[in-house]
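The exercises below are meant for someone meeting this structure for the first time. Each one sets a task and then works through a solution step by step.

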Amino acid sequence: MLVLYSFRMPLKRSILIIGSDRLWEEEQLLIEAGNAGYEADFITAASVTITVGQREADLLLRGKSIRERFRRSRVLFRRSRGAEDTMSTLALLARHWKVPATDSPVSILTNINKALSMPPLTLHELRHIATSFLQTESAVSASFSALSLPLLIKPARGRHGEGVRILRSREELEQALNNIQEDMLLQEYLPIDEEFRAFVVGNRSLGVIRKIPPEGSVVANYAAGARFVPAELPASIEREAVTVCHQQEIDIGGVDIARVGDRYHLLEVNRCPEFRAFMAATKVNVAQKIIEFLPEKDACFS
């Protein structure tokens, strides 16, 4: 007797990488996803059209629906600059459809603008830097009696150390306030001995690098010419870096930390940082670690 068996072939595991640009990091993630057996693609967030019908939302890419591909994938959200609204809406849809995805609508929307994000109010080993958030319409009338010169001023939506300046006198401060064209952050200037970055993926730190700025510069950013070298932080500080990312709903983060004497200060948390220089310094395959982390997001919707 001939017995026929019918079965459905399982869908191939899928990863969608969604971001504002496709750079070296995205290429490495695609390579590692392929090595791990995933069907992987990169989608530019700005190319996605989100529509809402009478019963269901849809996602269109060049006029064709990608909703079902999105819904059966693990989604890795990358940089959102210039596409924050689309990215945050896609993150909301991922949550609604129970699609495992990195980060959250909150972290995607707020982390690009430091004036919107709220750092952890309670730190244990780390310390905050005294900061005032300056909005263009109220900067001139703001009071800074709690801050003492010199001060550091930088754009709330800055990146790569762009627009960072030291204000050393009351005259420089008044001139800066009278010429503000965008929201800014005003911080007490720290005489930093060393600056570090802990790279966090999920529940752990992948390691630490020390950021060495160019001679005469206060900007320890790789794009501004800084060097990255392997380093270590006290275990309690590195653990708190992971906690800070969790509190801001960030799965993949670069936590910048400054040492002044024997104290450590939280500089900022970068969602979805570039990692080429970190990989070169530490020899840690960050792209592989991120791809290995993605299945952990499944538990959020099990």
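The mean pLDDT of the protein chain, where pLDDT is the predictor's confidence in each residue on a scale from 0 to 100, is 85, and 84% of the residues reach 70 or more. Over residues 1-11 the pLDDT falls below 50, and beyond near neighbours in sequence this stretch has one contact in the model, a contact being heavy atoms within 4.5 Å. This is a predicted model, in which local features need pLDDT of at least 70 and side-chain atom pairs count only at pLDDT 80 or more, while totals for chains, interfaces and linings use all residues. Residues are numbered from 1 along each chain as its sequence is written, and side-chain values use heavy atoms, with hydrogens and water left out.

**Exercise 1. Describe the chain as a whole.**

Step 1. Begin with the secondary structure: the protein chain has eight helices and 15 strands, where helices (H or I, at least four residues) and strands (E, at least two) are DSSP runs numbered from the N terminus.

Step 2. Turn next to burial, for which buried means under 20% relative accessible area, exposed over 50%, and partly exposed in between (1.4 Å probe, protein chains only). Buried residues make up 47% of the 302 residues in the protein chain.

Step 3. Then take the contacts with a separation of 6 or more: residues 24 or more positions apart account for 67% of them.

**Exercise 2. Find which parts of the chain the salt bridges of Arg71 and Arg259 link.**

Step 1. Side chains of opposite charge can pair when their charged atoms come close. A salt bridge is counted here when a side-chain nitrogen of Lys or Arg is within 4 Å of a carboxyl oxygen of Asp or Glu, and by this rule there are 18 salt bridges.

Step 2. In one of them, Arg71 meets Glu56 with an N to O distance of 3.5 Å. Because Arg71 lies in helix H2 (residues 67-71) and Glu56 in the loop between strand S3 (48-52) and strand S4 (57-61), the pair ties together parts that are 15 residues apart in sequence. Arg71 is partly exposed at a relative accessible area of 34%, and Glu56 is partly exposed at 32%.

Step 3. Arg259 forms a salt bridge with Asp193, at 3.8 Å from N to O. This pair links distant parts of the chain, since Asp193 is in the loop between strand S10 (184-188) and strand S11 (194-201) and Arg259 is in strand S14 (residues 252-260), 66 residues apart. Asp193 is partly exposed, with 45% relative accessibility.

Step 4. Arg259 also forms a salt bridge with Glu194, where the closest N and O atoms are 3.0 Å apart. Here Arg259 lies in strand S14 and Glu194 in strand S11, so the pair ties together parts that are 65 residues apart in sequence. Glu194 is partly exposed, with a relative accessible area of 23%.

**Exercise 3. Work out how the buried residues of helix H8 are arranged around its axis.**

Step 1. List the buried residues of helix H8 (residues 286-293), which are Val286, Ala287, Ile290, Ile291 and Phe293.

Step 2. These residues cover an arc of only 160° around the axis, which puts them on the same side of H8; the arc is that of the directions from the helix axis to the C-beta atoms.

**Exercise 4. Describe the surroundings of Ile252 and the backbone of Cys272, one of its contacts.**

Step 1. Place Ile252 in strand S14, where at 1% relative accessibility Ile252 counts as buried.

Step 2. Leaving aside residues up to four places away in sequence, Ile252 touches several residues, among them Leu76, Phe199, Cys272, Pro273 and Ile290. The C-alpha atoms of Ile252 and Pro273 are separated by 7.6 Å, although these residues are 21 residues apart along the chain.

Step 3. Cys272 sits in the loop between strand S15 (263-271) and helix H7 (276-282), and is buried at 3% relative accessibility. The phi angle of Cys272 is near 55°, a positive value in a residue other than glycine.

**Exercise 5. Locate the cis peptide bond.**

Step 1. The peptide bond from Leu149 to Pro150 is cis, with omega near -5°.

Step 2. Pro150 is found in the loop between strand S7 (131-134) and strand S8 (151-155).
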